[in-house]
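Got your viewer open? Load the model, switch to cartoon, and keep the selection box handy for a few stops.

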Amino acid sequence: MILSIALLVIAGPAAVGTLALRLGWDRLAVALLQDDALRGVALYRLGDDVAADAAFARAGRSQTFNRALALAATGDYPLSVAYFDAVLFVNPADEQARAGRDLVASMYDPHRGDSTAPGRIMGHGGMPPPNEEIQAALVGAASDDLRRPLEARGLAASDEWLQSLTDDPGEFLQLRIQVEYDRRAQMGLIRPEAQDPW
């Protein structure tokens, strides 16, 4: 027994605090630990969510998931979702982060901002709907798009455009493969054809 106490004294308060955290003695762990990540865990278990969030914030990026949990506990749902998104950005396969994000996101309605800039949808974006002259110009510009040669980008899939396509899946697949081959060739990902070594 005396040897155990002597070893704990020699190990120092950080080791004793870590041991206390593992044993669930969170008050003792908070008193002894200097590491913000470990202190944050102890504070979170004690229910001091604001202090836990502050500790996780000081600990930095390594505690992004724990900070998301602490923010949700404090009621800052939008910021919590943002932290869960950061975790998912690094590891999209993290099921715990996805489940936590979905749960927290369901706890509030996302904010939809009001814009004073003109939008693409007529009559929205804080501007009055266009008059007939502007509307006719927009419709004319849309019909001009139908007369342009087909490009890979910038063409809306309208009914007229869909009817102009041939019903040959093989042709579409061949074109798609050629486009992908050209893209990879431009990026330098295609190996040159093998030369005859003799």
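## Starting in helix α11

Arg-176 is partly exposed, with a relative accessible area of 43%. Bear in mind as you look around that this is a predicted model.

Now add Glu-180 to the selection: the side chains of Arg-176 and Glu-180 meet in a salt bridge, 3.9 Å from N to O. Both residues belong to helix α11 (residues 169–187), and they sit four residues apart, about one turn of the helix. An α-helix has 3.6 residues a turn, so residues three or four places apart point the same way. Is Glu-180 buried or exposed? Its relative accessibility is 19%, so Glu-180 counts as buried, the cut-off being under 20%.

Keep Glu-180 and pick Arg-184 next. These two form a salt bridge as well, with the closest N and O atoms 2.9 Å apart. Again the spacing is four residues within α11, about one turn of the helix. Arg-184 is partly exposed, at 40% relative accessible area. To see the whole network of salt bridges here, show Arg-183 too: it is linked up with Arg-176, Glu-180 and Arg-184.

## Over to α5 and α6

A search of the whole structure turns up six salt bridges. For another one, select Asp-53 and Arg-67, whose closest N and O atoms are 2.5 Å apart. Asp-53 is in helix α5 and Arg-67 in helix α6, so this pair ties together parts that are 14 residues apart in sequence. Check the surface around both ends: Asp-53 is buried, at 13% relative accessible area, and Arg-67 is buried too, at 16%.

Stay with α6 and select residues 64–74. Which of its residues are buried? Besides Arg-67, you'll find Thr-64, Ala-68, Ala-70, Leu-71 and Ala-72 buried. To see what covers them, bring up the neighbouring elements, which include α4 (36–46), α5 (49–59), α7 (77–90) and α8 (95–105). Then step just past the end of the helix: α6 is followed by Gly-75, whose phi is positive, near 95°.

## Last stop: a nonpolar patch

Turn on the surface and select Leu-19, Leu-23, Trp-25 and Leu-28. Together they form a nonpolar patch on the surface, with about 390 Å² of accessible area. Where does Trp-25 lie? Follow the backbone and you'll see Trp-25 in the loop between α2 (13–23) and α3 (26–32).

Technical notes:
Residues numbered from 1 in each chain as written. Predicted model: local features only at pLDDT ≥ 70, side-chain atom pairs only at ≥ 80, totals over all residues. Heavy atoms only, no water. Buried < 20%, exposed > 50% of the residue type's maximum accessible area, 1.4 Å probe, protein only. Helix = DSSP H or I, 4+ residues; strand = E, 2+ residues; numbered from the N terminus. Contact = heavy atoms within 4.5 Å. Patch = residues over 30% accessible without salt bridge, like charges linked within 9 Å, V, L, I, M, F, W, Y side chains within 5 Å. Areas by Shrake-Rupley, 256 points an atom, 1.4 Å probe, with all protein chains shown as cover. Salt bridge = Lys/Arg side-chain N within 4 Å of Asp/Glu carboxyl O.
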